[in-house]
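I opened this notebook to record what I looked up in one protein chain. The entries cover confidence, one helix pair and one backbone torsion.

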Amino acid sequence: MSIRNLHVLILVSVAYVAAQMVADITNLRDIVLFGYATAAFSIAYPLTFTLRDMVHKLAGPYVARTLIIAAAVIYLIVQAFFAIISGLPPEMTPEESVALGQLLSPEWRFLLAAVAASVLSQLVDTEIYTRWQERFGRERQWGRVLVSNLISIPLDRILFLAIAFLGDWTGEQFMAAFVGTTIVRLVFGIISIPGIYLVEEHSEDWIHITEIRHTDPPSFARAKNE
């Protein structure tokens, strides 16, 4: 991989994590898009699937999977930090303190549902992208993003709703929460498809990344034995 592509990989990876964080923060705001009520989360979050595809294109599936897990860990750390500071004595009125605590303290069932749904759907996105690439090679790159997004974005929503509300909601409530939000996310996911053409295909060297082992280089091993 060239230095230029390494820099691009770093930028896209940072953008992926940033989009995850922006989506989580904007989840606090409910809006109406295309006639459907949804959270502002649905604007930024679909972009993460295309950004993941861009990382996959630049560095292969192993790096993409590492990024998915890393983003989930960062999200949990951020939420844990919010939970801690919400319990610290604030310099504000009691009413303001309660409001801030409610804002920052996560509902852990929803939090874990969001993390599980995101990780699983992004990993599925990785597998679909890989299968498409194996079939078509460097052709029809738009199809990698379109097909993986069409499957992984609805899957993310299904998993979240099932984990967060299973046993509490009726089938009608489930469908109402699924349909509108999923349509909005798919729209933004489709809009982001051209992003895949902004990055170059990873070099063949990345295919052999599984052969790398964390062992001491020969020179270091000799130095230890001397």
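The entries below follow the order in which I looked things up.

**Entry 1: confidence.** I noted at the outset that this is a predicted model. I found a mean pLDDT of 82 for the protein chain, with 79% of the residues scoring at least 70. I then compared the elements: helix 6 (residues 141-165) has the highest mean pLDDT, 94, and helix 8 (residues 218-225) the lowest, 48. Over residues 220-226 I saw pLDDT stay under 50, and the model has 2 contacts beyond four places in sequence for this stretch. I do not read detail there, because predicted coordinates should not be read in detail where pLDDT is low.

**Entry 2: helix 2 against helix 6.** I looked up how helix 2 (residues 41-59) packs on helix 6 and found an angle of about 135°, with the axes 10 Å apart. Helix 2 is therefore oblique to helix 6. I recorded the crossing of helix 2 past helix 6 as right-handed. From helix 2, the residues in contact are Y45, P46, F49, T50, D53 and K57; in helix 6 they meet Q141, R144, V145, S148, N149, S152, I153 and D156. Sorted by class, I have 5 nonpolar, 5 polar and 4 charged residues in this contact.

**Entry 3: R140.** I located R140 in the loop between helix 5 (108-136) and helix 6. I noted that phi of R140 is near 50°, a positive value in a residue other than glycine. Is R140 buried, partly exposed or exposed? I entered R140 as partly exposed because its relative accessible area is 46%.

Note on methods: Residues are numbered from 1 along each chain as its sequence is written. This is a predicted model: local features need pLDDT of at least 70, side-chain atom pairs count only at pLDDT 80 or more; totals for chains, interfaces and linings use all residues. Side-chain values use heavy atoms; hydrogens and water are left out. pLDDT is the predictor's confidence in each residue, from 0 to 100. Helices (H or I, at least four residues) and strands (E, at least two) are DSSP runs, numbered from the N terminus. Contact means heavy atoms within 4.5 Å. Axes are lines fitted to C-alpha atoms, for helices over the stretch in contact, and angles run from 0 to 180 degrees between N-to-C directions. Angles under 35 degrees count as roughly parallel, over 145 as roughly antiparallel, 65 to 115 as roughly perpendicular and the rest as oblique. A crossing is left-handed if the near helix is turned anticlockwise from the far one by less than a right angle, and right-handed if clockwise. Ala, Val, Leu, Ile, Met, Phe, Trp, Tyr, Cys and Pro count as nonpolar, Asp, Glu, Lys and Arg as charged, and the others, Gly among them, as polar. Buried means under 20% relative accessible area, exposed over 50%, partly exposed in between (1.4 Å probe, protein chains only).
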